[in-house]
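I opened this model to look up a few things and note them down. The entries follow in the order in which I made them.

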Amino acid sequence: MNHAKLWYNGAAADWKQGLPIGNGRIGAVIHGGIDNEIWSMTEITYWSGKTERIPGSGSAKEDLERMRESFFKGDYNEGDRLAKQALQPKKQNFGTNLSVCDVKLRFGQQGENLIRELSLENATVQVSYTHSGHKITRETFATHADGIVVSRMKSEQAGAISFSLGVQGRTCDFATVITDEDTLAFHGQATEDVHSDGKCGVFCEGMLKVVAVGGTVQSRENEIVVSDADEAIIYFAIHTDYRKKDDKWTLECDKEIAAAITKGYERLKEDHIADYRELYARVAIDLGDTESGKLPTDERMKLFSKGRHEDADLIALFFQYGRYLTIAGSRADSPLPLHLQGIWNDGEANRMAWSCDYHLDVNTEMNYYPTEISNLAECHVPLMNYIEQLSIAGRQAAQDFYGSEGWVAHVFSNAWGFSAPGWETGWGLNVTGGLWIATHLKEHYEYGLDHAFLTKQAYPIMKEAAIFFLDYMTVHPDNGWLVTGPSNSPENSFYTSNREEGAQQLSMGSTMDQVLVRDLFTFCLEAAEQLQVDEELQAKLKQAIPLLPPLQIGKRGQLQEWLEDYEEAQPEHRHLAHLFALYPGNQITPRKTPELSAAARETLLGRMQTDELEDIEFTAVLFATGFSRLFDGDRALRHIIHLIGELCFDNLLTYSKAGVAGAETNIFVIDGNYGGTAAVADLLLQSHAGEIHLLPALPAAWSRGSYRGLRAKGNAEVDVAWENGKLTEATIRAFSAGDAIIRFGEQAVSIALVPGQVYKLDQELQVIKQQAAHI
């Protein structure tokens, strides 16, 4: 099997062929070949923009009442006009995450037998080739244990390492200085004039130091030049003033590099691998060996694009790559969570209206879809902390724009906690964007059952969100339902019965809103009862939940996206927000809601059969996860294969196609990597609706295989093996007490799980062995 390594036998011509590394704060994409190498450097807090209060109209409640009156009367154009007056603030200094610099290495030599590879087991990038019959190796990694990037260049021949090193900034406010023959320092500010005024942004300071064995190291015209060394090690450090209270941050780079040099390369690498593997090694997956596994990664991908789909091991590689990218991009102590491009950045999103930010209408959520099931719960922590900060900022938005208690955030946010509506109501008035991202608090708790987390973070934040919606929502005059609005179904549009009025975006009570609010109210009620707190709130929630609109089936047999059965203005649209009820939610399941499941299937089939489908990375994931939840593994697999074969660059990073949502080129968006990883896991294990479902949507092509260490809700881990599409054995490791229904196909058994116990099950789901876990 070769699902632990990406490898290539040619140079990386550009960023899209480069290999990513990261330590949860610093990111790099390494590209080049024999004669040159470029490290495209990023840092998660290197943001333009600043904290700003976005003012509301000053008469929020009255404005909201007038809008709603128009929508309830069917005057959508007037409602939209009023919404634009009160809920469409001007764009200010929102900002974006920016690339910091390029580290440029020039070697000036020829060679042959070039191999580039990224080891997923060691989290290292290695470039090797032969020169004059001797092997030269360059090895680079971003160590979380020591907070820096380290690279070693080594040859079998003495004196064969020669190169020059320089740094080129990616922003206007950037400068470098040689501080010693072997040391280059830089400083800069994250400024740009597309998403801010070009004057505001965080400051950074960084350092590169070269230590050589043999040969000489000297400076020349803002470069470091190494000549005739046996070996050379480069140390890279960077820090910013993001949320710093004093200037001590400016001393960190020097301290980190000095400590690293004292420790030495071998110990740095050893500590790096140990720290990384503590997370990565928890999960193993085997979908079967294939002959294609002997080919370079890009050649395997091309076979997918040509209809050669036999390479199940490439999907296992993609799955583990997603876990690698999670560990590289999001660690428990990361100052910010993964954004639109993870912690990496090709510079393209910064130039467009998108911004490299936190999209709250699927992208940021999808970044964390695989985190719990793939046994990386610690990597979820930065998002938990970010949501807490967003909830604090969102209190002001709730007051300014709705005159309501609690907190709210909309379609996107930034490093500064932006929570106001976006500057165009058609996409910016997604009133449940903050709630959508906050559902990850619920997810994190349901997997880990951490009482302290529920008490101190999850419930308090969700409670404040519930307080907002209880205050904000209104009763529909025709049917008595409690509805949100005006808001949109993320970025989609519809026609009313009067098509001459044109496409509309805003309405009352979109399905997405109602699904999220129902989950919110139910979670808060159950948590409050468990914690025995907030009796008054419990009473309000018990009164409100029965008033929420039901999920509805439209005239085409589809799941309605809006409260009314409107005609879709964009049948090809990339978003499928209302299917949150199917995945990652569970308000729709084949066993409990068969009619709604059939409607969800009709929605998926209708969307994918549109010739003009906006075929992008996260849409492929939505199809895959949707069909997985409908137990249609073969169809789900086709979308995973399409994602890998058609929507990935050569380095297996996913992209959004040019022309969609204003993209000027095929543009890197990492949610497809994370979402695709979640989709693979969901085919193999589902744990919702009170069950642990083994192999719920196993594709026929995966006739045999196994996995170890996937995580189930209820604080359990699961191992499974199968042959000829049938379960052969399973292991459940329980870490909390609880009654679990274990299912395979139509078979189901109930087990009272005891913490610290391991349960081995046969193909009939009978417990054949129970023992205490080895500590």
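**Entry 1: helix 1**

I looked up which residues of helix 1 are buried in this predicted model. They are Ala-60, Asp-63, Leu-64, Met-67, Arg-68, Ser-70 and Phe-71. Viewed along the axis of helix 1, these buried residues fall within an arc of 160°, so they line one face of the helix. I wrote the general rule beside this: an α-helix has 3.6 residues a turn, so residues three or four places apart point the same way.

What do the buried residues of helix 1 pack against? I found helix 2 (76-86), helix 8 (381-402), helix 11 (451-472) and strand 20 (474-475). On the face turned away from the buried side of helix 1, I noted the exposed residues Glu-65 and Lys-73.

I then checked the length. Helix 1 has 14 residues, 60-73, and at 1.5 Å a residue it should span 20 Å. Its end C-alpha atoms are 20 Å apart, so the expected span and the model agree. After helix 1 comes Gly-74, with a positive phi near 90°.

**Entry 2: Ser-164**

I picked one residue within a strand. Ser-164 sits in strand 10, which covers residues 161-169. Is Ser-164 buried or exposed? Its relative accessible area is 7%, and the cut-off for buried is under 20%, so Ser-164 counts as buried.

I listed the contacts of Ser-164, leaving aside neighbours within four places in sequence. They are Lys-104, Leu-105, Arg-106, Glu-223, Ile-224 and Val-225. Strand 15 (223-229) comes up again in the next entry.

**Entry 3: unusual backbone angles**

I wrote down the general background before looking. Most residues other than glycine have a negative phi, and most peptide bonds are trans.

Asn-222 is not a glycine, yet it has a positive phi of about 65°. I found Asn-222 in the loop between strand 14 (216-220) and strand 15 (223-229). Its relative accessibility is 38%, so I entered Asn-222 as partly exposed.

Phe-631 also has a positive phi, near 65°, and it is a residue other than glycine. Phe-631 lies in the loop between helix 15 (617-629) and helix 16 (633-646). With a relative accessible area of 29%, Phe-631 is partly exposed.

Next I looked at cis peptide bonds. One joins Gly-485 and Pro-486, with omega about 0°. Pro-486 is in the loop between strand 21 (482-483) and strand 22 (494-495). Another cis bond runs from Tyr-583 to Pro-584, with omega near 5°. I placed Pro-584 in the loop between strand 23 (567-568) and helix 14 (594-608).

**Entry 4: cavities**

Rolling a probe the size of a water molecule over the atoms shows where empty space is left. How many cavities of 30 Å³ or more does a search of the whole structure find? The count is seven.

The largest cavity holds about 130 Å³ of space. It has 14 lining residues, and those nearest its centre are Glu-443, Tyr-447, Tyr-583, Arg-629 and Asp-682. I had already met Tyr-583 at a cis peptide bond. Helix 10, helix 17 (671-684) and strand 26 (685-686) each give at least two residues to the lining of the largest cavity. By class, I recorded seven nonpolar, three polar and four charged residues in that lining.

**Entry 5: pockets**

I turned to the open spaces. The largest pocket has a volume of about 820 Å³. It is lined by 38 residues, and the closest to its centre are Lys-442, Glu-446, Asn-586, Ala-689 and Lys-713.

Which element supplies the largest share of the lining of the largest pocket? Helix 12 does, with seven residues. I noted that helix 10 (433-448), helix 12 (511-531), strand 27 (691-694) and strand 31 (738-744) each supply at least two residues of this lining. The lining of the largest pocket divides into 16 nonpolar, 12 polar and 10 charged residues.

The second largest pocket contains about 400 Å³ of space. Of its 21 lining residues, Trp-354, His-359, Glu-491, Arg-574 and Ala-661 are the closest to the centre. I sorted the lining of the second largest pocket by class as well: 12 residues are nonpolar, five polar and four charged.

Conventions:
Residues are numbered from 1 along each chain as its sequence is written. This is a predicted model: local features need pLDDT of at least 70, side-chain atom pairs count only at pLDDT 80 or more; totals for chains, interfaces and linings use all residues. Side-chain values use heavy atoms; hydrogens and water are left out. On a 1 Å grid over the protein atoms alone, a cavity is a set of points where a 1.4 Å probe fits but cannot get out, and a pocket is an open set with protein on both sides within 12 Å along at least five of seven lines; lining residues have an atom within 4 Å of a point. Grid points are joined across faces, edges and corners, and a volume is the space filled by probe spheres set on the points. Helices (H or I, at least four residues) and strands (E, at least two) are DSSP runs, numbered from the N terminus. Ala, Val, Leu, Ile, Met, Phe, Trp, Tyr, Cys and Pro count as nonpolar, Asp, Glu, Lys and Arg as charged, and the others, Gly among them, as polar. The expected span of a helix is 1.5 Å times one less than its number of residues. Buried means under 20% relative accessible area, exposed over 50%, partly exposed in between (1.4 Å probe, protein chains only). The arc is that of the directions from the helix axis to the C-beta atoms. Contact means heavy atoms within 4.5 Å.
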